[in-house]
Amino acid sequence: MTKASLVPNKKNNIDLVLQPIKGSDMIDEAKVNAMIESSEYTALYVDTGNIKNAIAELNSVLKPLQNGQSGREITYQVLERRDATISIELSSDEMSASAEITTALGGAHLTAKAIFNAAKEAGVIKGFSKEELVKLAQHAAKEPPGSIVKGQIALGKDAINGKDAKIKQLVQSAQERILQPKQREDGSVDMRDLGDIICVKIGDPLAQKIPLTEGIQGYSVTGTPLEPKPGEDCQLQAGEGTTLSPKNNEILISTRVGLPRLIDNGMQVDEVYQIKNVDVSTGHIDFEGSVIIDGDVCEGMKVTARGDITVGGFVESAFIESGGDITIGSGIIGKKQEVEGHAIADIHMSANLSAKGSIFAKYCQYAEISCKNLRIENQLMHSIIRVDERLWVGTEDKANGKLIAGHITAGSSVHAGTVGATAGSTTIITFEHKLAELNQQLEALDERIATESQKTDELKDASNKLRKLPKDKVNPDMLNKVLSTYRHQASVLADLLNEKEIFEEEIQQYLSSVVVEATERVYHGVQMIVGDFQEKTKREYGPSKLRYKERKIIIDPIVTSS
């Protein structure tokens, strides 16, 4: 019987040594593989080709022999010690690198340093994690021989974009003071006590510009620098009664004694008029600066100011007009008036407030209000509202107030806890004003297109007529001038048509962006109008959003994650 053995060779690999002896028992590949599996060399790479060659040569040697006769010894290397191998892969954006390790077959395992060196040879030079390299090396060493182990070894770093320049307010405005009423000794607050008048002196700092930052450079794992986007800059605006400090032109200081008022990217200081109440004993107020009223504005009175107007108490059936913000510590109360069934133009509320800035009050009923943004903290009832941007009924951080009946014209959105009323009083919310402005701009663009189109057609006709004339009757200079003018005119028309297409897209985006949001409930009788499209609720809904989509008004539930 042929004898087979596994013998180490000079290369520290393993040979299959066969001593052929003719007999009944034959050695085949399966028996050699079984011998390897039961040996101490199972971790080594198996050369199946050499096993086949050894068996083939054995059979060739045995063939001419007689039973019991031995032949020449056959030796083939069938087991090989192989070290672990590694390949490095970069992501397409070169922001990460990973290693794929084929674990050792009886050979040497990869160390963390070897993985690091292989990565460097592949072009990875930054973003290594020593901890991850060590973990990957240890992991690969524990896996079965010949396994594939993958792991991330380096990460790039995204650039951190710079921060925009901003204006930091250094003094409190009157509006902020009224929203933070004075606390009594027992812990309660006195809504009518505005505290000391917020008055700045000459030279007081008002606002400071915080410069933009350039950002922090990033890098890819191959070392390519990634440049950050610098922040947007802004200019500190010196409003009336202020100037830039001669010691630091990024600080705004006061040049007069008065009331500080926020403006875009800066502040101004208004002369201030403070009074306890506005009633028949004081008469109407018309002031160039800002007005602070500690108490109420009584029925029939008028308060007009070019700056902010701050009222600690109530506004009762009065007229208030501000060139800035209007802040009311209590509520706005007008006389009860039937709104439904009447044209808005025919309704004149007894309480009428308008501001170029924002308006705030605790609650409001039977009033007509026009401003940029409006926030009513508790309840807004039976009023005619026009806001250029947003109506918010609720606390500063949550729209949880009640919007009941009335006619609302908004620019961007309406937010409240509940919209409508159980009694079914109609609450109309329309976005017609902003849309009308956009459509007017579109009509003006159409008129320009019609004019330019007519000019283009006339120039085209002129050039065609000149081309049809006999060559001896055509003035080349005139023809060239007409053709040049025609081409320019056609370009102007093309630009206008492109501008119209972009503007029409902007209108559609606006239509899709407007929303009425009720965080708690929408009652029946709430009507939303967006252009030619409208919807009136016929039942109650839970938390919902009313919005325009695909030429109709839809009502989507607000889903909150628990």
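## The N-terminal sheet

In this predicted model, strands E1, E2, E4 and E3 form an open sheet, in the order E1-E2-E4-E3. The pairing is antiparallel. Strand E1 (3–8) and strand E3 (45–46) are the edge strands, and each pairs on one side only.

E1 and strand E2 (residues 14–19) run antiparallel and are joined by six bridges. One residue pair can be named here: Ala-4 has Leu-18 in E2 as its bridge partner.

## Parallel strands E32, E34 and E37

Strand E32 (residues 367–371) and strand E34 (residues 384–387) run parallel, with four bridges between them. Ser-370 stands opposite Arg-386 in E34.

E34 also pairs with strand E37 (residues 406–409). This pairing is parallel too, and three bridges make it. Ile-385 has Ile-408 in E37 as its bridge partner.

## Nonpolar cores

The largest nonpolar core has 65 residues. Val-297, Ile-369 and Leu-403 have the most contacts inside this core. Helix H7 (residues 476–513) supplies the largest share of the core, six residues. Another core lies apart from it and has 19 residues. Leu-6, Ile-36, Val-61 and Val-78 are among them.

Ile-369 deserves a separate look. Leaving aside residues up to four places away in sequence, Ile-369 touches Ile-332, Leu-353, Ile-359, Cys-364, Leu-374, Ile-384, Ile-385 and Arg-386. Two names in that list return from the strand pairings: Ile-385 is the bridge partner of Ile-408, and Arg-386 stands opposite Ser-370. As a general background, nonpolar side chains in soluble globular proteins tend to be buried together.

## Aromatic pairs

The whole structure holds four aromatic pairs. One of them is Tyr-273 with Phe-287, a tilted pair. The centres are 5.7 Å apart, with 35° between the planes. Tyr-273 belongs to strand E21 (residues 272–275) and Phe-287 to strand E22 (residues 285–287), so the pair ties together parts 14 residues apart in sequence. Tyr-273 counts as partly exposed because its relative accessibility is 34%, and the range for that class runs from 20% to 50%.

Phe-533 and Tyr-548 form another pair. Their ring centres are 5.4 Å apart and their planes stand at 50°, so this pair is tilted. The link is between distant parts of the chain, 15 residues apart: Phe-533 is in strand E42 (residues 533–536) and Tyr-548 in strand E43 (residues 544–549). Phe-533 and Tyr-548 are both buried.

## Charges over rings

Two tyrosine rings carry a charge over the face. Lys-126 lies over the face of Tyr-219, 4.1 Å from the ring centre. Over the ring of Tyr-541 sits the charged end of Arg-539, 3.9 Å from the centre.

## Lys-135 and helix H4

Lys-135 lies in helix H4 (residues 130–142). Its relative accessibility is 44%, so Lys-135 counts as partly exposed. Lys-135 and Ile-153 are 18 residues apart in sequence. In space, their C-alpha atoms are 9.8 Å apart.

## The annotated coiled-coil region

An unreviewed UniProt entry lists residues 428–462 as "coiled-coil region". In the model, the chain over residues 428–462 is 89% helix and 9% strand. The end C-alpha atoms of this stretch are 55 Å apart.

Key:
Residues are numbered from 1 along each chain as its sequence is written. This is a predicted model: local features need pLDDT of at least 70, side-chain atom pairs count only at pLDDT 80 or more; totals for chains, interfaces and linings use all residues. Side-chain values use heavy atoms; hydrogens and water are left out. UniProt positions are given in the numbering used here, feature names are shortened, and annotations may be inferred rather than shown by experiment. A nonpolar core is a set of buried Ala, Val, Leu, Ile, Met, Phe, Trp, Tyr and Cys residues joined through side-chain atoms within 4.5 Å. Buried means under 20% relative accessible area, exposed over 50%, partly exposed in between (1.4 Å probe, protein chains only). Contact means heavy atoms within 4.5 Å. Rings of Phe, Tyr and Trp (its six-membered ring) pair if their centres lie within 6.5 Å; planes under 30 degrees apart count as stacked, over 60 as edge-to-face and the rest as tilted. A charge sits over a ring if NZ of Lys or CZ of Arg is within 6 Å of the ring centre and within 35 degrees of the ring normal. Two strands pair if DSSP finds at least two bridges between them.
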